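Please find below a short note on the structure shown here. It is written for a reader who is new to reading protein models.

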Amino acid sequence: MQLDTRAQTLLKALVERYIADGQPVGSRALSKISGLDLSPATIRNIMADLEELGYVASPHTSAGRVPTPRGYRIFVDTLLTVQQLDEQAMGAPLRLQSPQPQKMITNAAQMLSSLSQFAGVVLSPRRESVFQQIEFLRLGEKRILLVIVAPNGDVQNRLLLTDVDYSPAQLVQSANYINQNYGGLAFDEVHARLQNEVRQLRDDMGRLMQVAVEAGSEAMKDDSDDMVISGERNLLSVSDLSSNMTSLRQMFDMFEQKTGLMQLLDVSAKASGVQIYIGGESSLVPMDDMSVVTAPYTANGKIVGTLGVIGPTRMAYERVIPIVDITAKLLSNALSHS
């Protein structure tokens, strides 16, 4: 239902006041802060209509009203006046600078946290399973270190425990065979091709290559550092989120498990610009009193990840939205010129 101008003005005033002080807002306060020349009776009638429509609710202990998830949604979609933040005023460009892409991502999460005073999160670009070359280093009897070099120079190491004690010469020969025949391909593709070609190799060497390819595929798909979270403890000082132990456990389970959060960030990567997920209306947000503001970021024009701020539903959206938006643009620029 389309709200008329008076209802929109009152709802906007109520949400802004509630975000500011966290207390239910009564009709008398609304008559003072809304700027509308309306009688208390008229304001009460409009608020009753808003409550019936599901935009506001009345807590049991107060005659005032608070916004519902639906009320927050119409506020952020149509009533919000976003602050204009300046990149230099944020001090942002200097905070992101680093020769290492992963360090830039960590810096971005820390910047989001410090500027918003909530938790900052960045979903890192997923590693491609393509490798440039591999090396085998003999660590001891039946113990080999697999060194994987990606096209971008990233290095991954994996320990292989083998059934056979390979000589250094055998390890060099196997690495040379893989690099010469498969360098620049994805491990999954190499695995499929090896199945057909391994019969032509000595059994022991073929087994080593298969083990190496499987370990390499797992290494490149490892999600352990795919998400960087900074400032979780900031949320402990937010009474809306830390007021009961159940909420606290739920919140920190989300940070520890990461699966649901990664799903949410994956979804928002498919959208353009800033997205706002409000607890209570989205199944992707596990807590009713939590909101997540996200934006995708790019490298050389291609979306490679998502970043955002996790905070209470009662957050200053007009300030958090531009923080997320500018950080996404700065990280995109930094990654594209690294």
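The points below begin with the whole chain and then turn to one sheet and a helix beside it.

1. The model is a predicted one. Its chain contains 14 helices and 10 strands. The radius of gyration is 27 Å, whereas the globule rule gives 20 Å for 338 residues, so the chain is more spread out than a compact globule.

2. The overall dimensions may be read beside that value. Along the principal axes, the C-alpha trace spans about 90 × 40 × 35 Å. The accessible surface of the chain amounts to about 17,000 Å², and carbon and sulfur atoms account for 47% of this surface.

3. Burial and contacts describe the interior. Of the 338 residues, 46% count as buried, that is, they have under 20% relative accessible area. When contacts between residues at least 6 apart in sequence are considered, 60% of them join residues at least 24 apart.

4. One open sheet consists of three strands in the order β4-β5-β6, with antiparallel pairing. Strands β4 (133-140) and β6 (155-161) each have a single partner strand, so one side of each is left without a neighbour in the sheet. On average, neighbouring strands of this sheet are turned by 20 degrees against each other, direction ignored.

5. The pairing of β5 with β6 can be followed in detail. Strand β5 (residues 143-149) is joined to β6 by seven bridges, and the two strands run antiparallel. Leucine 145 has leucine 159 in β6 as its bridge partner.

6. A helix accompanies this sheet. Helix α8 (residues 168-182) lies across β4 and β5, and its direction makes an angle of about 165 degrees with β4.

Technical notes:
Residues numbered from 1 in each chain as written. Predicted model: local features only at pLDDT ≥ 70, side-chain atom pairs only at ≥ 80, totals over all residues. Heavy atoms only, no water. Pairing = 2+ DSSP bridges. Helix = DSSP H or I, 4+ residues; strand = E, 2+ residues; numbered from the N terminus. Axes fitted to C-alpha atoms, helices over the stretch in contact; angles between N-to-C directions. Contact = heavy atoms within 4.5 Å. Rg over C-alpha atoms; globule rule 2.2 N^0.38 Å. Buried < 20%, exposed > 50% of the residue type's maximum accessible area, 1.4 Å probe, protein only. Areas by Shrake-Rupley, 256 points an atom, 1.4 Å probe, with all protein chains shown as cover.
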